[in-house]
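I opened this structure to look up a few local features and to write down what I found. The entries below follow the order in which I looked.

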Amino acid sequence: MTVRKCDIAQPTRATVSRWLRALVRALAALLAITNLAAAQASAHDAVLPFDIPAQSLPAALDAFAEQAHVQMLYTADSVNNLQSTPVSGQLSAEQALQQLLQGTGLSFRSGGPNTITVVTSPAESSHESAPPAQDRSRTQKPVKVPEIVVKDVQAREDATSYVADETNTATKSDIPLLETPQSISVITRARMQAQEINSIAEALRYTPGVQGEPFGFDSRLTWLRFRGFDNTTNGLFKDGLQLRNPAFGISYNLEPYGAEQLDVLRGPASFLYGQGSPGGLLNYVSKRPTQESLHEVQFLAGNFGRYEGRFDFGGRIKDSDTFAFRLTGLFRESGTQIDNVSNDRVYLAPALTWRLAPSTSVTFFATYQKDRAGATPWLPAEGTLRPNPNGFLQPQRFTGQPGIDRYHRTEHSVGYEFHHQISEHWKFLQKVRYNANETDSVSTYVFGVEPDQRTALRDQWTSYGKLSAIALDNQLTGKLSTGPFHHTLLGGIDLQRVSLRYHQNFAEASSIDLFNRHDYGALGVVPYFDSRQDTTQLQTGVYLQDQVKMFDKWLLTLGGRHDWARNETTDNVAGTTSVQHDRKATGRAALTYLFYSGLAPYVSYSTFFLPSIGVGADGRQFKPETGRQYEVGVKYQIPHTRAFLTAAVFDLMRENYVQTDPGTFLPVQRGEARSRGLELEAVASFDAGWDLIASYTLMDNEIRETIDPVEQGKRLLQIPSQFGSLWAKYTASRGKWKGLGIGGGARYTGYNYADAANTFRVPSFVVGDAVVDYTWNHYRFALNISNILNHNAFTCFNEGTTCTFGERRTVVGTVAYRW
């Protein structure tokens, strides 16, 4: 069959299985080595010879790092102009460092195997009841500081690094990424800036295990697919609180410029967050008020008529430690690669932190976002991916109705985070957010063609949704020790209420000539379907988690949660109301081993649930959809560098999901699907100026039980068997080219199927990206190009009858001024 782009050979299912078996054997061998490592004495307890005279503290820390064979991390401002105490004799590393820092007002904590971070001593450390320093390193979360290697002259700061130190998305507690017993990727602000990220979908392009563009180019909303399963309606979180979208009544498309980082958690997360898809979730972490003065303005211009202005201000108010603020905003007017489809936005996000006391603070957040976009047109497969006797359609072809079609969305939110340090080892956190969303859309789309292969048949879909939601999460975290076991305890209760009113209408529209770019058909439609519903969802969850560190090497994570969910739906056309109650318990168990070399293999098991709304043919309400996952992986923090590597194999089962019986067209709860795979990721920011990203996903999925015999044993739709990416950027840090950066990347997506029978195969594709930027004094100039060679990247669906184009070549220039 002739297509626009040749396919690339792909591995068979047997190849996938061999990959998985090979990695499992390797990880099993790695875990076996822990028996030898466990017998060795802790590096912190071993007695070593020290001889460090009194001198400047930076020089003394350098000498300590060399004699103790550890990596020392600190900020220059915290140690400058300080003198050390002399250290001499046979001592443990901990005893020697305590003596070295005497009288400096500084303390230290373990930052991972063979890594020690110097921090400012908290006020409580002088109290008589304070625990020994060894316990403090395990039971206390000091102020986070940028981690800088003592011996590296060209040290990279957090703000310019692709590598994050920690995130609390996977555990709701502050632990290093190395100790997180689940696959998670953190997309930092520096990475988003380098790649000039314009949407959440673009941010996910270089991340394993997740798809953000399953329907090609789409400026309307954020699609999310994790490990082969869709979670668009339940998988989006903002600052740890869910942004739910019942029945696709509305949509979200959060502004990436307002994010400090994006956390992509793969695998079930019901044990902490309640109902959701088995594949994972994305947590959008908002920019926070800063103690340091921050002023940034940007102007961007690009093809398709894009003009955009941005600003980001922050700092203390009147130089007071009591109040700090952040104000981020954006204004954009832009066309897109499709005729008559805009991508305009107004965004404003103020934030204020009020430090009520040394141990108590509250941060207030607010967001306003107004979008004016348009629907991506559906095009027939014949004329896009497959040949058409009339020729090939162009990517800019708009098949809707100008002046009628639209996608308008307005959303706003207000909320706060309240932090209180109850004691040295216990703290309380409360998160509250109210958000509202109003989405108004009209889309005239092609659903078929006449035998002449050029006359397109169209329908018009109208949707209006108005949502309001309030979410609350209370967390109590504590640390305690019982002999050699050091516990990090987490307990919490969260509540969520979501109300949605939506109206959907389908109508028959006029036909058009696909190959006449300016034929939009006649005005007027004939309605044939109308739906008006009100939905209210309530969820209450109670959760408990214990992370137990044993002998400073083993980390056992146990967590459980119980949820109560209620869904009430009123059909305003039929005049009926249905109420459904669900309750379910979920959990996670994981075991990690921490090598002093920076290696951390782990194994985990977790479960999930998701209410299935509706009734079967017998009139009985559906039970919740459930499932489980096994995951085995390894993480590696390369010593003395900002380089983080991960590998994981997973076996994920989704059970009891609702399908439509092809014979009766009634809903049936019978579906079962399995997804297994391998994910690899490497992220690094080297002090020499190199930033690197590499990711690879190998996935084998199968529909194991179904009411439709056509799809029995087949692959899930639109899920490639493999995809991967590679990005590299170099920035000169010295010489006459200092500040000049150049980089690029390539993204590969394997073939997938567009129909249930797996007969319509969508070919693989590769696209490339590039960036050139230059930083001079307070200015930054950048040029970013996506899909630099303008390759065709198709996605197809609707049993292979419909296709869309991926993003075409996009060029954006940026001028930024920061002071």
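I began with the cysteine pair C796 and C803, where the torsion about the S-S bond is about 100°, so the disulfide is right-handed. I kept in mind from the start that this is a predicted model. The sulfur atoms of C796 and C803 lie 2.1 Å apart, and my count of disulfides came to 1. I then asked whether C796 and C803 are buried or exposed, and I noted that both C796 and C803 are buried.

Next I turned to the surface, where I found a nonpolar patch of about 920 Å² whose members include W737, W776, F781, L783 and V815. Which strands each supply at least two residues of this nonpolar patch? I listed β35 (740-749), β38 (765-776) and β39 (779-786). One of the patch residues, L783, has its place in strand β39, and I recorded L783 as partly exposed because its relative accessible area is 40%, between the limits of 20% and 50%.

My last entry concerns G627, which I located in strand β30, spanning residues 625-637. G627 has a relative accessible area of 9%, which is under 20%, and therefore I entered G627 as buried. What does G627 touch, if residues up to four places away in sequence are not counted? I wrote down S606, T607, F608, M653 and E655. I also looked up R654, which is 27 residues from G627 along the chain, and found the C-alpha atoms of G627 and R654 separated by 4.6 Å.

Technical notes: Residues numbered from 1 in each chain as written. Predicted model: local features only at pLDDT ≥ 70, side-chain atom pairs only at ≥ 80, totals over all residues. Heavy atoms only, no water. Patch = residues over 30% accessible without salt bridge, like charges linked within 9 Å, V, L, I, M, F, W, Y side chains within 5 Å. Areas by Shrake-Rupley, 256 points an atom, 1.4 Å probe, with all protein chains shown as cover. Salt bridge = Lys/Arg side-chain N within 4 Å of Asp/Glu carboxyl O. Helix = DSSP H or I, 4+ residues; strand = E, 2+ residues; numbered from the N terminus. Buried < 20%, exposed > 50% of the residue type's maximum accessible area, 1.4 Å probe, protein only. Disulfide = S-S within 2.5 Å. Contact = heavy atoms within 4.5 Å.
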